[in-house]
Amino acid sequence: MVTVEDLSVTYRQPNATLPVLDGVTFSVDAGRTCAIIGPSGCGKTTLLYVLAGLRSHFTGRVLINGQPVRPQRRETALILQDYGLLPWKTVWENVILGLRLRGINGPEQLARCRALLDDLGLAGLSNLFPAQLSGGQRQRVAIARALAVDPDLLLMDEPFSSLDALTREMLQENLLAIWKQKRITVILVTHSIEEAAYLGQKIVVLSPRPARVVAQVENAGVGAPAWRKQAGFYAICNRLREVLQ
């Protein structure tokens, strides 16, 4: 589904040249989850922007479903760290925004949006504005909007980082339930070792900037009942901690 080969990105500014990614190589099979983890500022978000087609200045090769990555790929959905909700639009208007921008107004698509609101516990909040919601509710709205366009690739930039521990775990469970149902490919950027071990079937560990891949950890336990409580989960966490240190 996703192939990244020898990807390098350098930011060039009038007063500085800043290498961010240096020869990053990894792949993610269709229908799997991948967590990308590394030190703060190492280039994880830049990597996500390349995959989303939002940054075209790079060297190397990046393929999505066998095709070179391109801007405005309709089957790719991106959830930003700050949710990216429009504050002047209601929950419902935010959720259907992607469909409206694509000129899709059919009853089947709108019914899918209503079903997403039900599944994410937002059905009674359709007429509220983002400022009237909790952080967890705003994140669920962002997830619903991303899934409304029926993507085959979901990119998430530290989506749960600003939430309290219990809300974060609840939304992790929501994400896993959606993934099990739809089997879309998910690539998640995170700072959390535990989150990477809980959500990533493959975990790509990056070095400090300029980021290189220092490890790729296979994690077969993702989606298993009570995975967070099993010895294998803690073994993955310890291995990631060792690599990051």
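**Where is the place of P210?** P210 sits in the loop between β9 and β10, where helices (H or I, at least four residues) and strands (E, at least two) are DSSP runs numbered from the N terminus. A cis peptide bond joins R209 to P210, with omega at about -5 degrees. This is a predicted model, so local features need pLDDT of at least 70 and side-chain atom pairs count only at pLDDT 80 or more, while totals for chains, interfaces and linings use all residues. Residues are numbered from 1 along each chain as its sequence is written, and side-chain values use heavy atoms, with hydrogens and water left out.

**The whole protein, before zooming in: eight helices and ten strands.** With 245 residues, a compact globule would come out near 18 Å in radius of gyration, and the protein has 18 Å, which agrees. That radius is taken over C-alpha atoms, and the globule rule is 2.2 Å times the number of residues to the power 0.38. Along the principal axes, the C-alpha atoms fill a box of roughly 45 × 45 × 35 Å. Buried residues account for 51% of the 245; buried means under 20% relative accessible area, exposed over 50%, and partly exposed in between (1.4 Å probe, protein chains only). Take the contacts between residues at least 6 apart in sequence: 68% of them join residues at least 24 apart, with contact meaning heavy atoms within 4.5 Å. The protein exposes about 11,500 Å², and carbon and sulfur atoms supply 50% of that. These areas come from the Shrake-Rupley method with a 1.4 Å probe; for residues, only the protein chains shown count as cover.

**Close-up of R212, in the same loop as P210: the loop between β9 and β10 (213–218).** R212 counts as partly exposed, at 42% relative accessibility. Setting aside neighbours within four places in sequence, R212 is in contact with D22, V24, V205, L206 and S207. E75 is 137 residues away along the chain, and its C-alpha atom is separated from that of R212 by 28 Å.

**Close-up of V205, in strand β9.** V205 is buried, with a relative accessible area of 0%. Beyond its neighbours within four places in sequence, V205 is in contact with I37, R212, V213, V214, A215, L240, V243 and L244. The C-alpha atoms of V205 and I143 are 25 Å apart, with their positions 62 residues apart along the chain.

**Close-up of Q201, in the loop between α7 (193–199) and β9 (202–206).** Q201 is buried too, with a relative accessible area of 14%. Its contacts, leaving out neighbours within four places in sequence, are G31, R32, T33, W179, V217, E218, N219 and V222.

**Close-up of the largest cavity, with a volume of about 30 Å³.** Rolling a probe the size of a water molecule over the atoms shows where empty space is left. On a 1 Å grid over the protein atoms alone, a cavity is a set of points where a 1.4 Å probe fits but cannot get out, and a pocket is an open set with protein on both sides within 12 Å along at least five of seven lines; lining residues have an atom within 4 Å of a point. Grid points are joined across faces, edges and corners, and a volume is the space filled by probe spheres set on the points. By this rule there is one cavity of 30 Å³ or more. T33, L175, L176, W179, V186 and L199 line the largest cavity, and helix α6 (residues 165–182) gives the most, with three residues. The lining splits into five nonpolar, one polar and no charged; Ala, Val, Leu, Ile, Met, Phe, Trp, Tyr, Cys and Pro count as nonpolar, Asp, Glu, Lys and Arg as charged, and the others, Gly among them, as polar.

**Close-up of the largest pocket, with a volume of about 640 Å³.** Of the 22 lining residues, R73, T76, A77, L78 and R102 are the closest to its centre. β6 (76–79) gives the most to this lining, with four residues, and α3 (97–101) and α5 (135–148) each supply at least two. By class, there are 13 nonpolar, five polar and four charged residues.

**Close-up of helix α1 (residues 44–51), mostly covered.** Six of its eight residues are buried: K44, T46, L47, L48, V50 and L51. Just after α1, G53 takes a positive phi of about 80 degrees.
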